[in-house]
There are 2 protein chains.
Amino acid sequence: MRMTISDIARLANVSKSAVSIVLNDKPGVSRETRSRILAIIKKYNYNPSHLAKSLAARETKSIGLIIKEIDNPYFTKLMRGVYDACSQLGYSVLLGSSELSPVRETEIVNTLVSKRVDGLVISPLHSEEANFTYLSNLLNDNYPLVLLGTVTNYSTNVVDIDNTKAAYDAVTYLIQKGHTRIAHLAGPLWSGHGQKRLDGYQQALIDHKISIEKNYIVPVEPYTPDGYQAAKELFSKTIQHPTAVFCYNDLVAIGVINALTEMKIDVPEKVSVMGFDNIDFGMYVRIPLTTVQMPAYEIGKAGAKLLVKQINHSSMPLNEKVTLKHKIIERDSVFKHTSK
Amino acid sequence: MRMTISDIARLANVSKSAVSIVLNDKPGVSRETRSRILAIIKKYNYNPSHLAKSLAARETKSIGLIIKEIDNPYFTKLMRGVYDACSQLGYSVLLGSSELSPVRETEIVNTLVSKRVDGLVISPLHSEEANFTYLSNLLNDNYPLVLLGTVTNYSTNVVDIDNTKAAYDAVTYLIQKGHTRIAHLAGPLWSGHGQKRLDGYQQALIDHKISIEKNYIVPVEPYTPDGYQAAKELFSKTIQHPTAVFCYNDLVAIGVINALTEMKIDVPEKVSVMGFDNIDFGMYVRIPLTTVQMPAYEIGKAGAKLLVKQINHSSMPLNEKVTLKHKIIERDSVFKHTSK
DNA sequence: TTGAAAGCGCTAACAA
DNA sequence: TTGTTAGCGCTTTCAA
């Protein structure tokens, strides 16, 4: 049977509290008693139950992380950021992934809360229903919380970049390269970033007196096969083809490049392609990808740090906004366009 | 303040045990009492503390997953497999990543055990020191455990593929394509798979009467820049160049392809490149990668399932071996070589 | 079918 | 400096 604190106390001829004090490195016990206790602990290889401690001390030293997709390079980086910050700060992380299901997202919140994580870092799903009941509840309970991505109408801790501005900058970059016919493969509703990037795209066109062409805006699921498919359709239509396509993310951009290559449309000579996220693989694809850097690792890290700060200052209102910087990464998929 | 089971009991005019029975869907309470209790629970939105339950019931319904690198496509897939199986079986997963440090690996095991996870799925680091003390301890305590990767001299539950055979098959494939000068960029010590794949490589050469060329075997870190670097060196040496290179993993293979492309050595016409793992991106790189499929998702899934089975049959000895199938994925990076 | 009571392995006043 | 005591919020006998 596993040893308990009482066993150690008995073995060391002291009370449980003395052992507890030693275990937690607190003052209040003489040097020699301490070392005697320590010796016993070592001798029996005693591993105290953090579970029992959590119940008594009302903190588990673990946080819950809820992402949308495990198997997605963006979230992987983000997860690493959260994990690194947490290990450094002495927290464990309970992993949750909604895999795009709002129902599961709520379920995960419930089980993580029932497991009494000290706080939650959530990359929230933006569903059509989008009632965010779980969010209201959490906020009502003043539950330590950090959102990785903005949810309108809810005031809480948020870490994000300025997606509208980032998309604006990307499109402006394309315009400066001489492009005027710029398509946008827009992100899905559930992303929350999709709408903002679309806004930035449109604003950039407007500000540069370029008319918005409806046919040039096509919403896609944010994966390579969807980008491929969308590009195939877009470039086989009998409309004037765009000379550049700004994609919701790198995965989509890779699909676009593949489709164009297959259609013998040279990238970037004929058509420039720009992605978003700056995933590691962007530099290894057929045509190294020009893209916008999303600091996923930093977002995760900042989010976890902010959460721990919130946990340690429970009186602090939940409304800190951290906006990280984006930047354009120039590689080979964008060409200087000289209009004929 | 958060509600407890006693609050609910009082409000429903019953005992705590009655509430407990209802919460756990157990028989022993009349239909009407049950519904009365349920009503109160619902009304107050009571969320029982799984933490307290865990302490009393001696099981946490969570397992620990220890991988080597979060930000690595192979482990991401594996993680997803573990996560999927666990959610399905009602377990939470506490994430741990050694990030290649044996010291951290042991620390993680300790904290996860102190948090009383019901079991551990570990992708063990093979360090030079490789004492595996933590493993001995776990085994001594008969702690529910599944290893994702074989550790020699320790009998426990293992899920893996036959790495030697897989490498053997890959090299045989290259030989059948007419190659005889085949290099191998071998994996690192910590992988555990590295040595086996090297063995398979050598055995395949021996069995086909091809002499083993020392210069053709170069150990690398399993990342793209390292593969790039190694290829640059290998192909600038004044030795007879290989016509094919079999890489420890896809990441390395991608680096090799980039290096060769840069050196104006056509892939696959001049030199064929073969990877290992079959990561998703393999099909999107410059030259779609021919590789060996490592069923990472299935390994994770099978590992978690086996662990839960072990947890539910604590008397069962820890020595089940599950060997999953590998297979060769033919794409464009291998060319039929016709010796001049 | 129900309730009382002991206990899971700790922490944290409070007394001694 | 040390020990006693009463929880933390559940589960689980055991009686009623």
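This section describes the contact between chains A and B, the surfaces near DNA strands C and D, and some local backbone features. The model is predicted.

The interface between the two protein chains draws on 51 residues from chain A and 51 residues from chain B. Together the chains bury about 4,500 Å². Carbon and sulfur atoms account for 58% of that area. On the side of chain B, the most area is lost by B:Leu51, B:Tyr83 and B:Tyr284. These residues together make up 16% of what that side buries.

Polar and charged interactions also cross this interface. Chains A and B share 19 residue pairs in polar contact, with both residues at pLDDT 80 or more. Six elements of chain B each give two or more residues to the side that touches chain A. They are helix 4 (50-57), helix 5 (73-89), strand 2 (92-97), helix 6 (102-114), helix 10 (224-234) and helix 11 (250-262). Helix 5 of chain B gives the most, with 7 residues. By class, this side of chain B holds 24 nonpolar, 16 polar and 11 charged residues.

Side chains of opposite charge can pair when their charged atoms come close. Between chain B and chain A there are 4 salt bridges. In one salt bridge, the side chain of B:Asp71 meets that of A:Lys77, at 2.4 Å from N to O. Strand pairing also links the chains. Strand 2 of chain A (residues 92-97) pairs with strand 2 of chain B. The sense is antiparallel, and the pairing runs over 3 bridges. Within it, A:Leu95 has B:Val93 as its bridge partner.

Over all chains, the structure holds 16 salt bridges. One lies within chain B, where the side chains of B:Asp280 and B:Lys77 meet at 2.9 Å, N to O. B:Lys77 belongs to helix 5 of chain B, while B:Asp280 sits in the loop between strand 9 (272-274) and strand 10 (291-293), so the pair ties together parts that are 203 residues apart in sequence.

DNA strand C is surrounded by 25 residues. Those that come nearest are A:Ile5, A:Lys16, A:Ser20, A:Tyr46 and B:Thr33. Of the atoms of DNA strand C that come within 4 Å of the protein, 70% belong to sugar and phosphate. The bases are approached as well. An N or O atom in the side chain of A:Lys16 is 2.5 Å from a base nitrogen of DNA strand C. A polar backbone atom of A:Ala52 is 3.5 Å from a base nitrogen of this strand. At the phosphates, a polar side-chain atom of A:Tyr46 lies 2.6 Å from an oxygen of DNA strand C.

Both chains contribute helices to the surface near DNA strand C. Helix 2 (16-23) and helix 4 (50-57) of chain A, with helix 4 of chain B, each supply at least two residues. Helix 4 of chain A gives the most, with 4 residues. The residues of this surface divide into 10 nonpolar, 11 polar and 4 charged.

Around DNA strand D there are 24 residues. The closest are B:Ile5, B:Lys16, B:Ser20, B:Asn24 and B:Tyr46. Sugar and phosphate make up 64% of the atoms of DNA strand D that come within 4 Å of the protein. A:Ser17 places a polar side-chain atom 2.9 Å from a base oxygen of DNA strand D. An N or O atom in the side chain of A:Thr33 is 2.8 Å from a phosphate oxygen of this strand. A polar side-chain atom of B:Lys26 lies 2.9 Å from a phosphate oxygen of DNA strand D. Two or more residues of the surface near DNA strand D come from each of helix 4 of chain A, helix 2 (16-23) of chain B and helix 4 of chain B. This surface has 9 nonpolar, 11 polar and 4 charged residues.

Most residues other than glycine have a negative phi, and most peptide bonds are trans. In chain A, the peptide bond from A:Val267 to A:Pro268 is cis, with omega near 5 degrees. A:Pro268 lies in the loop between helix 11 (250-262) and strand 9 (272-274) of chain A. In chain B, the bond from B:Val267 to B:Pro268 is cis, with omega near 5 degrees. B:Pro268 is placed in the loop between helix 11 and strand 9 of chain B. B:Asp25 has a positive phi, near 55 degrees. This residue is found in the loop between helix 2 and helix 3 (31-44) of chain B.

Notes: Residues are numbered from 1 along each chain as its sequence is written. Chains are lettered from A and ligands numbered from 1 in the order in which they are written. Side-chain values use heavy atoms; hydrogens and water are left out. Contact means heavy atoms within 4.5 Å. Buried area is the accessible area (1.4 Å probe) that two parts lose on being put together, summed over both. A polar contact is a pair of N or O atoms within 3.5 Å; within protein, one must be able to donate a hydrogen and the other to accept it, and residues adjacent in sequence count only if both atoms are side-chain atoms. Ala, Val, Leu, Ile, Met, Phe, Trp, Tyr, Cys and Pro count as nonpolar, Asp, Glu, Lys and Arg as charged, and the others, Gly among them, as polar. Two strands pair if DSSP finds at least two bridges between them. A residue is near a molecule or strand if one of its heavy atoms lies within 4 Å of it.
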